[in-house]
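Work through the exercises below with the model open. Try each task before reading its solution.

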Amino acid sequence: MNAIELSHIHKSFGAFAIRDLCLEVPSGTICGLVGENGAGKSTTIRLLMGALRPDSGEARVLGTDVGSPEFRAVKEDVGVVLDEAYFPEVLNAAQVGKLMASTYRRWDAALYESYLRRFDLPEKKAFKDFSRGMRMKLAIAVALSHQPKLLVLDEATAGLDPIVRDEVLDIFNEFTREEDHSILISSHILSDLEKLCDYIAFLHQGRLLFCDEKDRLLETYGIFTDSAEQLECLMPEAIVAREPSGYGGVRALVRRDLAPSGFQLERPTVEDIILFLVKGAKEA
């Protein structure tokens, strides 16, 4: 079963629109949703959670149409962390836990307290006095403590220092060791997604340009760094995008299957691929 299914979703906001969005996230996997600011990542997440209704198309989460009355019960199985944490500012972490215990049927108070200790979050400090990083850690603790099957994370690692980010990524990996646990995560920190994800989905100006296995994506492309004259030896369709390099050279993203055997290419990062694809889309 797919944890998430978006089928031919259209949603217009005047000048901007999500267009014919089709996306599947298999159960038990982690999918990274990437794209520049304004590409439609947060809108996609709001459509998934039923906070927005599409103009057309269908969104299903854990097998249930998000527009159906049945989705209300399914939300118990979805842990959500948005780019800003929203809790009553006068409450402290201990009081947030009590509030969540009356909200979720499967709230695990002991697990919640263990996350507070793991994240070094004070139980008695008011939420209004939390730093951004502390707020995000509290939101993650809450999302994980009602025993969800799906985590939907919108910039959940933003504001965390590198050491805590690594710990949070480890926690997300632990979460998906259960076969029916899945994650959709959007992030501007592409190195986090490269470390964490099984799939990468790339949104650009409201359109999904691709959703592919991360390893296959890294094998599809290579980075060329040398002279412009040598790059011209390739057929034009092999070159996705290029940029000037130092001392009159050129750097380019190249399709490996269209490059001659033995042509020297470096292994790209996910960030290399995304930045070049955005550049190529703008040049097209």
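**Exercise 1. A strand and its neighbours**

Which residue in S8 is the bridge partner of Leu151?

Solution. First, the ground rules. This is a predicted model, where local features need pLDDT of at least 70, side-chain atom pairs count only at pLDDT 80 or more, and totals for chains, interfaces and linings use all residues. Residues are numbered from 1 along each chain as its sequence is written, and side-chain values use heavy atoms, with hydrogens and water left out.

Step 1. Locate the elements. Helices (H or I, at least four residues) and strands (E, at least two) are DSSP runs, numbered from the N terminus. S7 covers residues 150-154, and S8 covers residues 182-186.

Step 2. Check the pairing. Two strands pair if DSSP finds at least two bridges between them. S7 and S8 run parallel and are joined by five bridges.

Step 3. Read off the partner. Leu151 pairs with Ile183 in S8.

Step 4. Turn to S3 (residues 30-34). S3 also runs parallel to S8, with four bridges. Here Cys31 stands opposite Leu184.

Step 5. Trace the connection from S7. S7, helix H6 (residues 162-175) and S8 form a right-handed β-α-β unit. Right-handed means that, with the strands pointing away from the viewer, the path from the first strand over the helix to the second runs clockwise.

**Exercise 2. Cover on S8 and H1**

Determine which residues of S8 and H1 are buried.

Solution. Step 1. Set the classes. Buried means under 20% relative accessible area, exposed over 50%, and partly exposed in between (1.4 Å probe, protein chains only).

Step 2. Split S8 by face. In a regular strand, side chains alternate between the two faces of the sheet. Ser182, Leu184 and Ser186 lie on one side, Ile183 and Ile185 on the other, and all are buried.

Step 3. Conclude for S8. Five of its five residues are buried, so S8 is largely enclosed by the rest of the structure.

Step 4. Repeat for helix H1 (residues 41-48). Its buried residues are Lys41, Thr43, Thr44, Ile45, Leu47 and Leu48. That makes six of eight, so H1 is largely enclosed as well.

Step 5. Look past the helix. Gly50 follows H1 and has a positive phi, near 80 degrees.

**Exercise 3. The two sides of H4**

Sort residues of helix H4 (residues 109-118) into buried and exposed.

Solution. Step 1. List the buried residues: Tyr112, Tyr115 and Leu116.

Step 2. View down the axis of H4. The buried residues fall within an arc of 105 degrees, so they line one face of the helix. The arc is that of the directions from the helix axis to the C-beta atoms.

Step 3. Turn the helix over. Ala110 and Arg117 are exposed on the other side.

**Exercise 4. Salt bridges**

Find the partners of Arg106 and Arg242, and place each pair in the chain.

Solution. Step 1. Apply the criterion. A salt bridge is a side-chain nitrogen of Lys or Arg within 4 Å of a carboxyl oxygen of Asp or Glu. The whole structure holds 17.

Step 2. Take Arg106. Its salt bridge is with Asp77, and the closest N and O atoms are 2.4 Å apart. This pair links distant parts of the chain, 29 residues apart: Arg106 sits in the loop between H3 and H4, Asp77 in the loop between helix H2 (71-74) and S6.

Step 3. Compare accessibility. Arg106 is partly exposed at 27%. Asp77 is buried at 15%.

Step 4. Take Arg242. It meets Glu232 in a salt bridge (3.0 Å, N to O). Glu232 lies in the loop between helix H9 (228-231) and strand S12 (239-244), and Arg242 in S12, so the pair ties together parts ten residues apart in sequence. Arg242 is partly exposed, at 31% relative accessibility.

Step 5. Add a network. Salt bridges link Arg118, Glu167 and Glu174.

**Exercise 5. Two hairpins**

Which residue takes a positive phi in the hairpin of S9 and S10, and which in that of S12 and S13?

Solution. Step 1. Pair S9 (residues 199-204) with S10 (residues 207-213). They run antiparallel, with six bridges. Ile200 is partnered by Asp212.

Step 2. Inspect the turn. Two residues separate these strands, and Gln205 has a positive phi near 50 degrees.

Step 3. Pair S12 with S13 (residues 250-255). Five bridges join these antiparallel strands. Pro244 stands opposite Val250.

Step 4. Inspect this turn too. Five residues lie between the strands, and Tyr247 takes a positive phi near 55 degrees.
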